[in-house]
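Trainee: Please take one strand pairing in this model as a starting point and examine it closely. From there, I should like a connected account of how the surrounding parts of the chain, and the neighbouring chain, are arranged.

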Amino acid sequence: MAKSLQRRQIRCYLCGHRFEVSTRTMSVPCPKCNKALKVEDILIKSYLPVNEVQTCGKITIAKNGRVVAKLIRCGDGIECEGTLEGAIETDGELMLGPKASWKGKTLYSKSLAISDGAKLVGYVKVPFQPLDEKQAQAELLAALPKAVTSNGDDDGP
Amino acid sequence: MADTTTEYGTILGADSNFKGEMSFETAAKILGRFEGSINAKGRVNVADGSKCKAAVKAKEVSVEGHIEGNVDAGDRVELKPKGSIVGDISAARMTMADGASIDGHCRIGVNGHAGKSSANTEVKPAAQSQQQQQQQVAAAKK
């Protein structure tokens, strides 16, 4: 039987590196930063108090689901019918159902769909362009203290 | 299609440039540039291509253009595909179309809209019952 060659592109949520994986992949180490990445979709049906929920896939929060986290980060968007608490960062769309609610510090999303009746409290930035690898590196270099000049002289007095 | 002139009592034309404070009893449509503050009892429509650098307070706010300032809607905020708001939003309900943009603090559907939330002071029933049980155990020991 021929093997399925379907592949999808994902973006490492830790370093921003983009690479391809099989559609069946559930977790993979990032070739750039070597950190383990979760790729599978997550379904939350009950109360989930955690520090971080991170995946390159999609997060679905069912009607009775409640996520309390410091950071919720995902690649393929979030579909919420329950309650979300914490900072959200997603490359996809955030969909809030009619009985859904979000409360958190920040919400960075590519797009946002709010149904009538949904609750939303916090800072929102939509659309949000995640930093690419090169941009992230450039920002990191810019944040570093200025390198000492080649002859080691300082401009100061 | 509804006639714009009958739907909106006040229309600020596309070539107009207004600075100051405006208040409306019914609905208003802004097609030009506005700077200042808007206070309306009805609906305010910021049309496509228009720019508002203003604090907008109304029952309903529909945005197809650009608003730079805080938006406070008693009923709903409607963001159309080309609409953008840079500022804080407070409303009972909000709908947002694909392509619209927001940059600011949102407070939607929380006890009306005017920041009277009791969510932060919520006491969990489970925690309460645990405290009561502990007190009962302590009293029994005595």
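Mentor: In this predicted model, A:Val53 has A:Ile72 as its bridge partner in S9(A). The two strands concerned are S7(A), residues 52-55, and S9(A), residues 66-74; they pair in the parallel sense over 4 bridges. The side chains along S7(A) fall into two sets. A:Val53 and A:Thr55 point to one face and are buried, whereas A:Glu52 and A:Gln54 point to the other face and are not buried. This agrees with a general rule: side chains in a regular strand alternate between the two faces of the sheet.

The chain as a whole gives the context for this pairing. Chain A contains 13 strands and 1 helix, and in sequence order the strands come before the helix, in the pattern β-β-β-β-β-β-β-β-β-β-β-β-β-α. Of the 157 residues in chain A, 26% are buried. If one takes the contacts in chain A between residues at least 6 apart in sequence, 10% of them join residues at least 24 apart.

The domain assignment divides chain A into domain 1, residues 8-40, and domain 2, residues 41-130. Taken over C-alpha atoms, the centres of domain 1 and domain 2 of chain A are separated by 20 Å. Contact between them involves 8 residues of domain 1 and 10 residues of domain 2. On the domain 1 side, strand S1 (7-11) and strand S4 (36-38) of chain A each supply at least two residues. By class, that side of domain 1 has 4 nonpolar, 3 charged and 1 polar residues.

Later in chain A, a second parallel pairing deserves attention: strand S12 (residues 101-114) is joined to S13(A) by 6 bridges. Within it, A:Leu107 stands opposite A:Val124 of S13(A). The loop between S12 and S13 of chain A holds A:Ala118. A:Ala118 counts as buried because it has 22 C-beta neighbours inside 10 Å, and the cut-off for a buried residue is 20 or more. Leaving aside residues up to four places away in sequence, A:Ala118 touches A:Leu96, A:Gly97, A:Pro98, A:Ala100 and A:Ser101, together with B:Gly109 from the other chain. The C-alpha atom of A:Ala118 is also 9.9 Å from that of A:Thr83, although these two residues are 35 residues apart along the chain.

The contact with B:Gly109 leads to the interface between the chains. Here chain A contributes 17 residues and chain B contributes 16. On the side of chain B, the elements that give two or more residues are strand S10 (89-96) and strand S11 (101-108); S11(B) gives the most, with 8 residues. By class, this side of chain B has 7 nonpolar, 5 polar and 4 charged residues.

S11(B) also takes part in strand pairing across the interface. Strand S13 of chain A, residues 119-126, runs antiparallel to S11(B), and 7 bridges join the two. At one position A:Tyr123 stands opposite B:His105; at another, A:Val126 stands opposite B:Ile102. S13(A) is therefore a shared element under the pairing criterion of at least two bridges: it pairs in the parallel sense with S12 of chain A and in the antiparallel sense with S11(B).

Note on methods:
Residues are numbered from 1 along each chain as its sequence is written. Chains are lettered from A and ligands numbered from 1 in the order in which they are written. This is a predicted model: local features need pLDDT of at least 70, side-chain atom pairs count only at pLDDT 80 or more; totals for chains, interfaces and linings use all residues. Two residues are in contact if their C-beta atoms, placed from the backbone, lie within 7 Å. Ala, Val, Leu, Ile, Met, Phe, Trp, Tyr, Cys and Pro count as nonpolar, Asp, Glu, Lys and Arg as charged, and the others, Gly among them, as polar. Domain bounds come from an automatic or database domain assignment. A residue is buried if 20 or more other C-beta atoms lie within 10 Å of its own, exposed if 12 or fewer, and partly exposed in between; C-beta atoms are placed from the backbone.
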